[in-house]
Amino acid sequence: MNGAQPMRLAAGGAIDRARPLGFTFDGRAYAGFAGDTLASALLANGVRLMGRSFKYHRPRGPWGAGAEEPNALVELRTGARREPNTRATVIELFDGLVAQSQNRWPSLRFDVMGVNGLFAPIFTAGFYYKTFMWPASFWEKLYEPIIRRAAGLGRAAREPDPDEYDRSHLFCDVLVIGAGPAGLAAALAAARSGARVVLADEDVRPGGRLLAEAHEIDSAPGVLWAERVAGELAGMANVTLLARTTVFGLFDHGAFAALERVADHLPEPAPHQVRQRLWRIQARRAVLAAGAIERPIAFGGNDRPGVMAASAVRAYLHRWAVLPGRRGVVFTASDDGWRTADALLAAGASVEAVVDARPDPPAALMRAAGARGLRVHAGAQVVGTHGHLGLQAVDVRLPSGSSLGIDCDLLAVSGGWNPTVHLASHQGAKPVWDAALAAFVPGRLPEGLAVAGAAAGRFTLAACLADGAEAGRAAASACGHAAAPLVLPRAADEPAAQAAFFHVPGPRGKAFVDFQNDVTVKDVKQAAREGYRSVEHAKRYTTLGMATDQGKTANVVGLAILAEATGRSIEATGTTIFRPPYTPVAMGAIVGHHRGRDFRPARHTPMHDWAAENGASFVEVGPWYRAQWYARPGEKGWRDSVDREAEAVRRAVGVCDVSTLGKIEVVGRDAAAFLDFVYTSMISTLPVGRVRYGLMLREDGLVFDDGTCARMGPERFFITTTTANAGRVMQHLEFCHQVLKPAMDVSFLSVTDRWAQVSIAGPRSRDLVAMLVGPGVDLSTAAFPHMSAAEVEVCGQVPARLFRLSFSGEMAYELGVPADFGDALMRHIMQVGAPLGLVPYGTEALSVLRVEKGHPAGGELNGHTTARDLGLGGMMSRKKDYVGRRLAERPAFTDPARPILVGFKPVDRGQELKSGAHFLDPGAEARIENDQGYMTSVAFSPALGHSIGLGLLARGRERIGQQVRAYDPVRNRDIVVEVCHPVFIDPEGDRTRG
Amino acid sequence: MRYSVFSLIRNAFSGHTDWPAAWREPEPRAYYDTIIVGGGGHGLATAYYLAKEHGVTDLAVVEKGYLGSGNVGRNTTIIRSNYLMPANTGFYEWSLKLWEGLEQDFNFNAMVSQRGVLNLFHSDAQRDASARRGNAMRLNGVDAELLDREQVRRMVPLLDMENARFPVKGGLLQPRGGTVRHDAVAWGYARGADQRGVDLLQNCEVTGIRVQDGRVVGVETTRGFIGARRVGLACAGHSSHVAAMAGLRLPIETHVLQAFVSEGVKPVLDQVVTYGAGHFYISQSDKGGLVFGGDLDGYNSYAQRGNMPVVEEVMEMGLQLFPAFSRLRYVRQWGGVMDMSMDGSPIIDRTPIAGLYLNCGWCYGGFKATPASGWCFAWTIAKDEPHRLNAGFRLDRFATGHVIDEKGAGTTPNLH
Amino acid sequence: MRIPCPYCGERGNEEFLYLGSAVLERPAPDASAEAWVDYVHMRDNPRGPGAEFMQHVQGCRAWLIVRRDTLTHAILSVAPARAARGGGA
């Protein structure tokens with residue numbers, strides 16, 4: 001097998017050699033092992049060219065071995081599952097994996113866009129702000145299309161995602177973020193104290209850096225300790241272990257967001273398995289033990305495939321048994337880098353030199369290196385590299401100033417460690433520079449968060465274990481759990497000094513700070529020179545840290561160079577703050593199941609199924625689906641159905657499902673007084689058994705909602721609201737009561753869902769209602785006139801409420817029954833009503849009928865209109881205080897020139913009116929100064945045989961009989977209309993009251 | 001040094017070491033004729049137009065952080081003038097006209113990209129409202145087109161036209177709307193103002209406004225007292241507490257608005273698209289990232305960060321429109337603090353204190369307004385009276401009832 | 001954000017409706033126009049601690065006076081509005 005994987009070591013690693021896996025990269029087949037990442041498997045196969053950079057299309061190989069990877073980005077999977085910009089270093093290998101390189105043409109090895117590198121002298125920081133301006137019209141036509149095509153890295157899928165996602169919640173005492181030595185110690189200490197613990201780690205295995213190092217704990221490999229601790233935690237009922245789970249955000253009051261990659265390690269999720277799950281974790285205390293990320297050093301050609309983080313080299317050697325190169329050079333500014341030399345030697349590679357930028361590396365290290373025969377150059381620097389698609393040699397500048405070329409295929413770089421402080425700054429606290437550590441450490445911590453281990457700047461193993469255990473104990477204790485005695489495992493503190501060394505002066509070639517975005521040392525210096533001296537300016541001007549790796553490797557190096565260029569300390573320069581998410585998160589995971597038709601709940605009325613059986617077309621009205629019309633065989637379009645339905649109501653009788661109207665019971669000794677306060681008109685004078693039309697204003701004096709108010713008893717009212725405002729009216733009533741009138745004895749119950757309600761309208765409606773409520777109810781106008789209410793029974797057994805109300809202008813009733821009876825009621829009504837010529841009608845016919853009667857509805861109740869605008873000024877009582885009364889008196893609202901509600905007919909009756917047309921005086925120029933108002937609602941009136949409309953027209957009432965233009969340029973229409981009274985049918989109301 | 005392809009090439013030969021700083025970092029003087037408080041987009045634009053159009057160069061902009069550290073650097077970069085209310089349409093159209101000539105005017109490429117803004121609608125009622133708005137725009141001389149479902153489908157092929165909970169019925173398109181590289185706007189105005197002699201004072205926080213006999217005489221700052229005859233406030237989300245230093249109480253609530261950007265990908269979306277059955281807007285930047293946002297978090301906040309409920313809501317709307325974006329990853333989210341006014345429209349006006357001028361109430365609309373806001377505010381300060389274009393943006397309109405409420409949402413700022 | 005509702009315990013802010021500064025006194029019907037405009041349109045908009053109305057709309061539906069720091073989002077206290085107005089909780 002090793003024959004196919006030339007760089008795979010013969011033994012070792014946390015890979016399962018018994019489980020070989022096949023995969024392809026750019027169409028070529030390779031093999032790896034279970035436990036590999038795509039990057040480790042490609043390296044094992046001798047492939048180190050994995051990507052191209054953003055701007056110069058430079059050939060790139062993996063820099064790291066984890067989530068911080070800026071270079072090795074690929075398109076993973078194909079078709080609808082294609083995921084661009086996926087870091088090869090964190091892709092768990094599976095059998096049949098397909099990956100492609102991106103941002104190159106025609107191929108990764110030969111990318112013609114590499115010519116961009118030739119223009120590098122021009123493509124400098126912010127160059128695009130200085131050119132592409134002439135002529136102005138060329139930006140959209142020429143420059144921008146070229147830039148857009150060149151920009152972006154991978155290609156997004158173009159089909160809907162076939163996978164499912166989930167959202168879940170967790171509550172715990174202590175959340176531990178990271179399952180490295182500190183995190184495991186923290187979780188164990190907290191869990192043994194009895195706290196409810198959640199331990200989350202982005203990796204599939206516990207251990208963190210232990211997986212990548214040769215550290216020993218209790219005289220055995222550290223990985224075994226990690227496994228043992230994880231095993232103990234897994235067996236505890238108070239612990240939840242979340243592997244493959246990245247905690248990516250910290251929000252207010254201990255709320256964390258985490259992404260669990262449930263099935264990303266599989267070719268595709270199993271049936272009914274989600275691909276990823278968003279966890280929202282509510283933790284009383286949290287321990288951030290996210291470790292640290294090694295930072296690069298900027299020097300000439302530091303981006304060539306084969307230049308790699310020293311820690312990543314150890315990870316590939318130890319965890320994946322992969323040799324990243326046969327002839328290595330180590331370039332370090334920290335003690336830690338030296339261990340890579342040992343690891344390479346142990347794996348059988350040669351180490352050509354250790355180049356330590358520090359003039360005086362620790363003597364112990366020097367001695368040990370001497371004992372191994374290592375060539376060490378202290379106080380030296382790598383100034384340049386060679387090799388086209390991969391590293392072949394490096395140039396070293398010795399302290400003497402002379403230069404030395406060293407052939408090698410691997411350069412392990414250690415610029416020191418940056419604590420992974422990201423989550424600690426999600427609440428806005430900036431990390432602070434610790435000069436002794438030469439690193440940024442967490443600043444002021446959010447309440448409840450502790451930081452432990454390398455994330456807190458404690459880089460050595462024994463310190464991590466002790467720090468984690470203490471943080472875990474303290475967190476559990478803060479949650480009221482007495483600490484259990486804990487014996488710390490035995491471990492050593494390895495040498496871990498690091499210098500603040502960020503870039504090599506006088507580099508040969510480009511020295512990259514941000515690999516992915518191709519930001520160089522020169523760019524940062526140029527930004528500073530041009531006045532972009534604030535760290536935010538420099539970041540934004542150069543795009544430093546704004547790539548998909550979110551600056552995990554680039555930011556600190558970049559700001560250190562900025563500090564130097566501006567002659568300030570790193571401390572004074574400061575850093576940008578990290579924002580969520582810690583690593584990029586798929587939008588699908590945030591959305592979970594709330595997508596497609598399941599975006600929002602669908603509300604169906606009790607009669608929905610009946611309507612569907614009877615040819616209804618449904619329309620979304622807020623969360624509801626309402627029957628819009630009921631098509632009959634032979635009808636050629638919706639107009640046929642709607643005309644028929646409206647005509648039937650005017651001629652005989654129709655039934656309409658109005659269950660979606662908001663319905664509220666208002667009960668209490670002060671119910672009447674309270675309603676006087678929220679409605680414009682007087683309600684307290686309403687007799688029991690009578691109904692009044694009511695208008696509510698907002699406190700700013702504009703119309704809020706309208707509906708009916710029925711007095712069912714001396715202290716009991718039943719009010720209705722529009723469908724759209726049902727929820728808001730309820731909130732408003734509760735506010736008015738609890739905040740403004742708390743002493744009033746009144747309570748509210750929303751009963752919208754409790755009552756199925758129908759409107760029965762038309763000249764024969766009384767006959768139909770009589771059949772429903774039986775002979776015991778006197779429906780004569782004398783006994784039960786228009787605007788009456790009564791409690792009745794339907795079919796002699798179902799309790800019901802009957803109202804005589806009309807929206808259509810015909811004699812009409814509304815009948816409500818408990819929701820469970822709604823379906824049966826509708827079927828019964830249809831049966832008994834058939835001989836009367838009964839038809840069901842939908843919201844369209846309802847709208848036709850109300851426009852014919854001039855009733856305001858949604859188009860008019862739009863938050864811009866006053867009661868007077870709607871012709872309802874008479875409903876504004878002068879005898880009492882009510883919400884909105886006072887501010888409705890403001891000059892602008894009482895201006896007689898305001899547009900008010902009138903009716904419109906096309907002068908040429910054959911023409912169709914359109915809502916949204918604006919009114920202009922005939923002959924007036926089409927300019928906004930001449931705008932006279934607009935059409936709010938239109939309908940084709942079957943009764944009149946032509947189109948009619950309602951609209952708001954300046955001084956409309958004075959202009960009845962005159963003509964205006966209905967100007968509608970967005971629909972290429974411009975017609976002459978006649979202003980008329982807004983009530984088109986039966987203005988005297990005889991049919992309503994009849 | 002003038003920016004051009006020639007200066008760029010010339011500088012390439014000298015390794016770009018000769019570029020002058022885009023602006024100076026002067027020490028504050030003891031007195032300026034005029035001080036603008038707030039070095040964000042609006043403040044810098046005001047300074048630029050005061051210097052350029054009105055010859056006011058004894059002028060300083062005082063900024064508590066770095067130039068452009070406010071909402072000009074943390075928005076979704078959309079420009080448009082598709083407004084309904086006459087007081088807004090004319091103003092925003094003037095802003096769009098200024099955008100159209102801005103880069104040549106201030107010699108800085110802000111990547112003004114008129115890729116079109118498409119507002120989707122999902123019901124007949126919304127179609128009628130869109131028509132009303134489109135017609136109002138046309139009456140104002142603004143471009144507007146009403147598209148039907150099929151036209152929308154052709155224009156934005158990745159839109160979900162089949163499985164959405166609230167199906168798309170059409171859209172109102174403003175072809176001249178689009179996006180602008182937001183930081184470049186601040187930098188371009190800053191450089192232009194600096195070149196005309198304006199002092200841009202960074203890290204200079206105003207801690208007090210000194211008023212004598214009803215007249216402003218200067219500002220206290222963390223870098224000392226600076227005298228001035230005229231002071232203009234352009235402090236966005238911080239307007240209330242800065243105005244309070246002069247004893248003013250404003251019709252403003254400060255709210256947090258989050259925004260998001262995805263990893264960069266090859267072009268998938270050419271227009272700015274907004275959702276009609278909720279609040280969501282998205283475009284793709286020239287770098288390839290999808291830039292999007294939605295509603296306010298809903299509560300008053302001066303913290304530049306939001307919470308998860310709105311993150312979920314925003315992404316839900318995003319995938320309602322574009323289910324193919326489900327596997328795209330977002331890389332960054334951030335929050336800006338918005339000066340939400342009581343009617344959703346801005347205030348550019350004098351104040352009861354002589355020499356003190358106010359520019360605030362931009363809600364989410366501030367970025368697109370930047371040029372016209374600066375232009376009108378400069379006029380108002382220079383002439384001590386509003387220009388015709390900002391005549392409606394009066395502070396006393398709430399007393400008279402001449403509110404400019406696009407959405408009809410009333411005095412609930414988090415609904416505007 | 002987590003808001004400790006006096007009736008339902010600590011709940012996520014998505015269950016609450018926010019309605020601006022908690023100004024308890026509605027002006028008298030005959031108060032000056034200025035008083036009314038001030039009540040309806042003007043806000044202190046505190047930067048730091050302040051009191052605001054929230055309704056636990058997906059819970060007990062109580063209108064609450066939440067004292068909260070707008071700079072840090074820290075919740076300082078929560079009380080039912082009715083109690084504050086002497087209407088009894």
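How much area is buried between chain A and chain B? The buried area is about 10100 Å², and carbon and sulfur atoms give 54% of it. Buried area here is the accessible area (1.4 Å probe) that two parts lose on being put together, summed over both. The model is predicted: local features need pLDDT of at least 70, side-chain atom pairs count only at pLDDT 80 or more, and totals for chains, interfaces and linings use all residues. Residues are numbered from 1 along each chain as its sequence is written, chains are lettered from A and ligands numbered from 1 in the order in which they are written, and side-chain values use heavy atoms, with hydrogens and water left out.

The interface of chain A and chain B was examined by residue. In chain A, 118 residues are in contact with 116 residues of chain B; contact means heavy atoms within 4.5 Å. Tyr129(A), Arg148(A) and Met587(A) lose the most area to chain B on the chain A side. Together they account for 9% of what that side buries. Between the two chains, 13 salt bridges are counted, each a side-chain nitrogen of Lys or Arg within 4 Å of a carboxyl oxygen of Asp or Glu. One salt bridge joins Asp163(A) to Arg327(B), at 2.8 Å from N to O. Polar contacts add 73 residue pairs (both at pLDDT 80 or more). A polar contact is a pair of N or O atoms within 3.5 Å; within protein, one must be able to donate a hydrogen and the other to accept it, and residues adjacent in sequence count only if both atoms are side-chain atoms.

Helix α2 of chain A (residues 138–150) gives the most to the side that touches chain B, with seven residues. Helices (H or I, at least four residues) and strands (E, at least two) are DSSP runs, numbered from the N terminus. That side of chain A divides into 52 nonpolar, 28 polar and 38 charged residues. In this scheme Ala, Val, Leu, Ile, Met, Phe, Trp, Tyr, Cys and Pro are nonpolar, Asp, Glu, Lys and Arg are charged, and the others, Gly among them, are polar.

Strand pairing also links the two chains. Strand β31 of chain A (residues 585–586) and strand β16 of chain B (residues 329–341) pair in the antiparallel sense over two bridges. Two strands pair if DSSP finds at least two bridges between them. Ala586(A) stands opposite Arg329(B) in β16(B).

Within chain A, an open sheet of five strands has the order β2-β1-β7-β5-β6, with mixed pairing. Its edge strands are β2 (28–34) and β6 (83–87), each paired on one side only. Strands β5 (residues 73–76) and β7 (residues 97–100) run antiparallel and are joined by two bridges. Glu75(A) stands opposite Gln100(A) in β7(A).

Chain C has two helices and six strands. From the N terminus, its elements run β-β-β-α-β-β-β-α. The C-alpha trace of chain C spans about 40 × 30 × 20 Å along its principal axes.

The contact of chain B with chain C takes 26 residues from chain B and 23 residues from chain C. About 2200 Å² is buried between them, 50% of it from carbon and sulfur atoms. Three salt bridges cross this interface. In one of them, Arg43(C) meets Glu253(B), with the closest N and O atoms 3.0 Å apart. The interface also has 13 residue pairs in polar contact. On the chain B side, α7 (239–244), β12 (252–262), β15 (290–300) and α10 (397–400) each supply at least two residues. Strand β12(B) gives the most, with four residues.
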